[in-house]
Amino acid sequence: MDPVNHVIHSARLIDGGRETPDAWLVVRGGRVEAHGTGDTWRGAVAGAPVDEIVDAVEAAGPGATITPGFIDIHGHGGGGAAYDDGADAIRTARDLHRAHGTTRAVISLVTASVDDLARRVSAIADLTETDGTVLGSHLEGPFLDLGHHGAHDPGLLIAPASDAVARLMDAGRGTVRQVTIAPELPGALAAIERIVAAGAAAAVGHTDADAETTRAAFDAGATILTHAFNAMPGLHHREPGPIGAATADPRVTLEVIADGVHLAPEVVRIAFAAAPGRIALVTDAMAAAGSADGDYVLGALAVRVENTVARLLDGTIAGSTLTQDAALRTAVAAGVDLPAAVTALTTTPAQAIGRPELGSLAIGSPADAVLLDADLVVRRVWTGCA
């Protein structure tokens, strides 16, 4: 955390879908105390000096921009470390992503045995007690369709039996934030209801479901589409599939991986247009994010990274090497409005996992903030209180 009391001034503020020029923030005790425009910040701190005054233009140049801290609800590691490998690996990967603006993250786990997953979500639950930037866990498996297993070990995929779901949710002690499930599997709709009742978001993904089955999942309580367009039937003009169902349903957030590999730029732009305010830009990053090309392991599967693209040895895309600041640049280059792209990194993912107090720089909010230059490169990151 960043305990210092400070002012950031002379920045373009992007927050809540709006742009405010020449803005300032006063932070005390890790929370936003006040904000405004121009030189009025001087009066705001006249009676109570701060420890640091940050001139955004001096720190990041003309066009300096301040946004809320980014929130990644789907990532598997970075900096050479995989989230599946325990607390030290999680800390290593989080350090890498924090440097790129991700102030808080859900820790995604790839498919493993129920025993292993139970141990991992329990360890993540322990970590949330001492690290407020860790928001809990995301079980991307094992309740996935065999034909759309992606970079998950097909030999470990299972149907969502009630005892397996209950064990994993209990192991998380209220910190499982998201569970991806293929809704066509036997028992899936009941499992979605059970997941939601336990306080987690159910997500449709790694699925062969048609639109009707996907709509049934949403009616059962699912509210997220895991990495839209990937590991699911495509959007066909007579068979809209999960994407058509999700874009039509205002209850649903669509994850988008804007790395130039998972989706073409035109598709990123189409997704934002089809579901305004409901896109969450996620990384789906694996250990190689921020690290060198080479050979890695994702779960139990060998991954080769060449020219920053991660693939299984059979050529299947295996997560990404993306950071959220790069996703922001990709989305904007694709034609997405900057405030909309920032919302997709902040407010939308926070709401998708039931943490609406995050992803904003409103007065009283945790002072998670990112300072970017005119090219949307991160120059400084602050993390406020839990």
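Trainee: So a pocket is an open set of points on a 1 Å grid over the protein atoms alone, where a 1.4 Å probe fits, with protein on both sides within 12 Å along at least five of seven lines. What volume does the largest pocket have?

Mentor: About 220 Å³, meaning the space filled by probe spheres set on the points, which are joined across faces, edges and corners. This is a predicted model, where local features need pLDDT of at least 70, side-chain atom pairs need 80 or more, and totals for chains, interfaces and linings use all residues. Numbering starts from 1 along each chain, and side-chain values use heavy atoms, without hydrogens or water.

Trainee: Which lining residues are closest to the centre of the largest pocket?

Mentor: G150, A151, H206, H227 and I317, out of 19 with an atom within 4 Å of a point. The lining has six nonpolar, 11 polar (Gly counts here) and two charged residues.

Trainee: New topic: how many residues of helix α8 are buried?

Mentor: Six of its eight (buried is under 20% relative accessible area, 1.4 Å probe, protein chains only). They are G241, P242, I243, G244, A245 and A246. Helices are DSSP runs of H or I, at least four residues, and strands are E, at least two.

Trainee: What do those buried residues pack against?

Mentor: α7, β13 and β14.

Trainee: And which residues have the most contacts inside the largest nonpolar core?

Mentor: I73 and L328, in a core of 85 residues. Such a core joins buried residues such as Leu and Ile through side-chain atoms within 4.5 Å. Helix α4 gives the largest share, six residues.

Trainee: What does L328 touch?

Mentor: Leaving out residues up to four places away in sequence, F70, L338, A341, V342, L345, L372 and L376; contact means heavy atoms within 4.5 Å.

Notes: Buried < 20%, exposed > 50% of the residue type's maximum accessible area, 1.4 Å probe, protein only.
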